[in-house]
Amino acid sequence: MARLIRTEKEVEGRYEEVWLVVEEDALQQWPAGARAIVGQPATRIDGLERARGEAVFTADLRLNGMLHAAVLRSPHARARVTRVDLTPALALPGVHAAAGPGELEQLVADCNYQGAAVAAVCAGTLAQARDAVAAIDVEWEVLEPLLDPDEAVRRRELLDEPRVRARGDYEQGLAEADVVLTGEYRTAVVMHNSMETHQAVVQWLGDAVEVHISTQYIWGIRDEVAAGLRLPPDKVRVICNYMGGGFGSKNGPDDYTFIAAELAKRTGRPVKCALTRREENLAAGNRNATIQRLTVGAKSDGTLTALGGDFVNAVGWSGWTSSTEGPMQMLYACPNVTTTTYGAKLNQPPMKAFRAPGFVEGTFGLESLLDELASKLGVDPLELRRLNYAQNDANDDRPFSSKQLLECYRRAEPHWERRHEVRARSTDTVKRGVGMASQIWYGGGGPPSYAWVRVGSDGRATVITAMQDIGTGTKTAMAQIAAEELGIPLEHVTVSLGDSARGPYAAISAGSSTTPSMGPAVRAAAADAKQQILEIAEQRGTPDAPLAEVVALLQDGQILGKGARGPNPAGMQVLTFGVQVAEVAVDVETGEVWVDRIAAIHDVGRVINPLGASSQIEGGIIQGVGHTLSEERLHDPRTGEILTTSLDAYRLPTIADVPEIVSELIDRPDAHLTNLGSKGLGEPPIIPTAAAIANAIRDATGADVRRLPITRAEMLRALREAELRRREREKVGAPAGV
Amino acid sequence: MELRRASSTADVASNSLLLAGGTEVVPLLRAGLIEGDSLVDIRGIVPQGIAGDRIGAGATLAELECDPQIPDVLREACRLAASPQLRNMGSLAGNLLQSTRCWYWRLGKNCRLHRTSDGYGDECFAQEGEHREHAIFANDFCASAHPSDVAAALLALDARLHTDRRELALAELYRLPSEDDRRTTTLEPGELLLEVELAPADRSVYLKAMDRKRWAFPLVGVAAARTGATTRIALAGVAPTPWLLAEDGLDRATPLPGNAYKLEIAQALVRRARRALDA
């Protein structure tokens with residue numbers, strides 16, 4: 001039965017209180033451990049069609065009569081369009097329509113970041129559209145940009161009020177400390193650079209609109225497009241059968257969807273608006289840079305007495321102030337914590353969510369600082385973390401629905417033990433070491449989400465739900481859950497998804513929430529179908545007959561099961577945990593860093609597909625290695641112009657940069673969470689990677705790297721600083737009078 | 001745009017855009033950094049392959065990296081350049097004549113190397129701007145860093161070049177741009193590089209620092225070759241041209257505020273290269 005509840009809804013670390021109608025989740029969880037299908041490694045059910053190029057992505061769509069749009073974007077960080085004339089563009093061959101500033105909300109004359117959309121053109125071919133954009137006659141008044149996040153804080157150019165969070169008595173905590181350490185940590189702007197750039201194809205069908213879009217949230221697109229176009233939501237159909245990555249950057253419709261919709265309306269034709277790779281590196285979102293000024297106070301045994309931080313998020317012109325302070329607030333049982341987080345509003349492209357926004361940056365700062373503390377105190381870093389383990393949620397003492405972090409630490413021991421042997425392989429110029437860092441994040445998902453399961457007389461089942469597979473393989477996981485519940489082979493289940501007109505509401509694929517939100521709904525739908533089949537079998541007098549035998553009676557009849565995601569456990573904190581141990585080598589003369597091996601041990605409750613799970617861990621770590629060692633969006637310090645708009649200037653890791661990755665999952669169902677006990681794994685693996693690498697560098701060399709990415713310049717700077725410290729110590733340590 | 005296939009050097013007009021591997025000219029055209037109405041495919045008229053100490057200008061980097069006749073320094077410079085796909089397409093001459101990777105130039109900023117209808121620009125944006133990857137030698141007019149690993153290797157080997165008009169030392173192919181003459185090579189309009197001639201080396205080595213393990217231009221590349229008592233060391237990624245190092249050469253570096261680390265790397269790699277030659 002449905003019931004109305006007041007509950008906290010969490011997405012990407014942001015909470016809001018909402019009223020929700022939820023259905024009871026009456027199913028018992030399966031016992032822990034691998035089952036016939038769930039918990040067994042499964043290759044992707046759509047792997048072949050992807051590998052053969054048969055999967056049709058938004059980028060592949062060529063609708064009849066489709067026109068291509070191109071967008072004039074501000075080349076300046078801050079500028080005003082003083083004059084714009086679209087006539088020369090409209091006069092070119094193949095051009096069908098053009099729109100300028102103010103003609104739709106997304107086209108502006110006041111440009112507050114490079115990449116802001118000013119005008120758009122659509123034409124028969126993409127080349128014609130680009131030529132037409134180049135022909136637009138436009139004059140700019142270039143204005144002084146604000147680029148320095150600290151300066152923005154000084155001038156109170158902030159996105160919102162500074163976020164202050166405190167517990168206990170911070171000053172008292174510092175007074176009780178035997179040792180107090182401070183450090184300033186910086187992280188750079190990094191780009192999502194999804195393989196499929198942001199794009200949409202929009203066509204009008206009478207008074208309804210059809211939107212094909214590479215998106216993480218079909219239903220969010222439906223609602224935002226409906227609101228933007230002032231249509232009833234049911235007049236908007238959103239389709240995304242396959243997508244080439246999103247990483248948090250494809251939650252909304254952005255400017256390109258509305259540009260395509262407007263130009264499609266004007267021309268009566270379908271219009272595709274696809275960002276180029278260069279636009280993708282400007283206007284598609286990013287992980288914002290941060291400056292973190294952190295303090296830790298501790299007893300000489302390593303017990304934390306105080307943690308404090310000033311966090312400056314260089315948000316850009318818009319976006320939100322992500323929870324960079326989250327790890328400091330949540331990871332340890334420190335009684336006295338105070339943090340202030342500023343969202344600096346700058347003339348730079350807006351940030352967007354990017355795979356654990358805030359926590360990737362904040363974990364680098366916090367876990368580096370804790371490692372510096374362990375080093376200073378001579379306490380084993382793993383023991384320091386155990387010593388400060390949080391039994392309950394540190395802020396409001398709520399119990400965790402489940403937490404296997406101590407088990408993660410225990411399983412990390414053999415990897416951690418390798419440090420003696422690794423260090424021993426150091427040479428005069430190549431120093432080796434091992435470092436670790438912990439992970440905390442959300443990933444519990446939540447209601448509402450719905451699924452249907454249809455079983456025909458052939459004994460095959462179709463899962464129907466209007467969710468999207470962002471590329472993580474959740475489609476396969478849903479098929480496994482349905483096959484397991486129905487007791488039929490995996491090959492007998494297909495999954496129909498990706499179309500708001502062909503299935504019920506499904507959750508956003510963000511915040512590591514697809515599997516924990518959708519999986520329980522799919523299982524409930526399959527259980528509903530199974531129950532109906534059981535009832536038929538009982539009426540027939542063969543209650544133990546196999547499913548295939550019972551449904552064979554149906555002919556054209558079908559069994560239709562429906563399921564809904566139940567509520568999250570009341571009064572509990574649902575989180576994911578983990579630890580990573582990195583092994584590195586550092587060339588102390590050239591600053592080169594090799595990451596040789598990363599062991600990742602994560603706790604995300606029950607694992608549905610161990611093969612998909614290890615892929616997620618590998619992908620997260622590879623992206624994390626990129627953020628740690630080579631990726632950085634650079635801009636000219638005077639004009640703010642972005643310099644790294646192509647993939648030869650913006651340095652994603654290559655396969656040669658990828659370490660050996662050893663992944664382990666605790667795989668214990670969260671007894672309080674839904675009928676599955678599963679949490680999400682999309683984001684956790686990227687969170688501790690940077691800090692684990694930085695801490696391994698400290699173990700290898702004694703140098704404190706405090707800036708991401710760890711370029712040669714940063715590595716050599718940290719080595720020089722460590723050498724100076726060593727000499728200072730030797731001087732101080734020298735006998736008096738010598 | 002028109003694509004023509006040349007059947008003799010006479011077919012190549014002096015203002016032609018040349019296509020061999022296409023890995024450089026095509027991206028430059030697409031970015032609007034060079035312009036033209038026709039592209040001349042010269043693969044039929046430029047020598048290919050390797051014959052003794054002569055290498056065809058059209059040989060690919062992939063051919064050079066796996067041929068045991070080729071000196072170590074050149075093989076390694078090829079192996080550490082670009083990606084396998086690019087090395088399978090990119091030609092030796094195309095690599096020597098590639099344009100700078102300076103991001104200001106590649107973004108079409110009106111800098112001292114960038115020509116528009118109004119002539120060349122009069123500013124080096126990198127000097128006051130973001131120059132972590134830029135030159136630490138001869139950077140007072142233009143701070144671009146020459147990106148060719150192969151050119152540094154050939155400079156260390158004291159290779160000679162044969163064009164359709166003359167023979168010259170590799171060092172003579174390059175020139176530092178100046179106020180009066182912004183060109184970075186000495187090739188005349190329409191002049192075609194045809195062959196590279198290698199001098200024998202007793203021992204040679206190439207060491208490269210880049211900011212990821214593969215597929216990156218050199219932050220610093222050090223090519224060293226010893227023939228008898230003579231050692232030649234040449235650097236990639238440190239000056240607007242491939243840079244031949246004098247005995248006290250590194251002391252004369254003039255790093256910019258944001259790229260002094262390149263000098264540290266160069267010192268270490270030069271030391272290691274010398275050691276490798278002596279080993």
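This report describes a predicted model, covering its chain contact, its domains, some backbone details and one helix.

## Contact between the chains

Chain A and chain B touch each other, and each of them gives 20 residues to the contact. On the side of chain A that touches chain B, eight residues are nonpolar, five are polar and seven are charged.

## Domains of chain A

The domain assignment splits chain A into four domains, each made of two segments. Domain 1 takes residues 2–56 and 445–564, and domain 2 takes 61–144 and 192–283. Domain 3 covers 153–177 together with 304–397, while domain 4 covers 401–444 together with 570–738.

Domain 1 of chain A and domain 4 of chain A have C-alpha centres 35 Å apart. Between these two domains, 29 residues of domain 1 are in contact with 27 residues of domain 4. On the domain 1 side, two elements give two or more residues: helix H14 (474–486) and helix H15 (514–540) of chain A. The largest share of that side, seven residues, belongs to H15(A). By class, the domain 1 side holds ten nonpolar, 16 polar and three charged residues.

## Cis peptide bonds

Most peptide bonds are trans. In chain A, the bond from Pro447(A) to Pro448(A) is cis, with omega near -5°. Pro448(A) sits in the loop between strand S18 (430–441) and strand S19 (450–455) of chain A.

Another cis bond links Leu708(A) to Pro709(A), where omega is about -5°. The loop that holds Pro709(A) runs between helix H18 (689–701) and helix H19 (712–733) of chain A.

## Residues with positive phi

Most residues other than glycine have a negative phi. Phe247(A) is not a glycine, yet its phi is positive, about 55°. Phe247(A) is found in the loop between strand S13 (236–239) and helix H7 (254–267) of chain A. A residue with 20 or more other C-beta atoms within 10 Å counts as buried. Phe247(A) is buried because 25 other C-beta atoms lie within 10 Å.

Ser512(A), also not a glycine, has a positive phi of about 50°. The loop that contains Ser512(A) lies between strand S21 (493–496) and H15 of chain A. Ser512(A) has 27 C-beta neighbours inside 10 Å and therefore counts as buried.

## Helix H3 of chain B

Helix H3 of chain B spans residues 72–79 and is mostly covered, with six of its eight residues buried. The buried residues are Val73(B), Leu74(B), Arg75(B), Glu76(B), Ala77(B) and Cys78(B). These buried residues pack against three helices, H2 (61–65), H4 (84–89) and H8 (149–156), and against strands S11 (203–209) and S12 (220–227), of chain B.

Two packed helices are described by the angle between their axes and the distance between the axes. For H3(B) and H8(B), the angle is about 175° and the axes are 8 Å apart. Angles over 145 degrees count as roughly antiparallel, so H3(B) is roughly antiparallel to H8(B). From H3(B), the contact involves Val73(B), Leu74(B), Ala77(B) and Cys78(B). From H8(B), the residues they meet are Asp149(B), Val150(B), Ala152(B), Ala153(B), Leu154(B) and Ala156(B). The residues of this contact comprise nine nonpolar, no polar and one charged.

How values were computed
Residues are numbered from 1 along each chain as its sequence is written. Chains are lettered from A and ligands numbered from 1 in the order in which they are written. This is a predicted model: local features need pLDDT of at least 70, side-chain atom pairs count only at pLDDT 80 or more; totals for chains, interfaces and linings use all residues. Two residues are in contact if their C-beta atoms, placed from the backbone, lie within 7 Å. Ala, Val, Leu, Ile, Met, Phe, Trp, Tyr, Cys and Pro count as nonpolar, Asp, Glu, Lys and Arg as charged, and the others, Gly among them, as polar. Domain bounds come from an automatic or database domain assignment. Helices (H or I, at least four residues) and strands (E, at least two) are DSSP runs, numbered from the N terminus. A residue is buried if 20 or more other C-beta atoms lie within 10 Å of its own, exposed if 12 or fewer, and partly exposed in between; C-beta atoms are placed from the backbone. Axes are lines fitted to C-alpha atoms, for helices over the stretch in contact, and angles run from 0 to 180 degrees between N-to-C directions. Angles under 35 degrees count as roughly parallel, over 145 as roughly antiparallel, 65 to 115 as roughly perpendicular and the rest as oblique.
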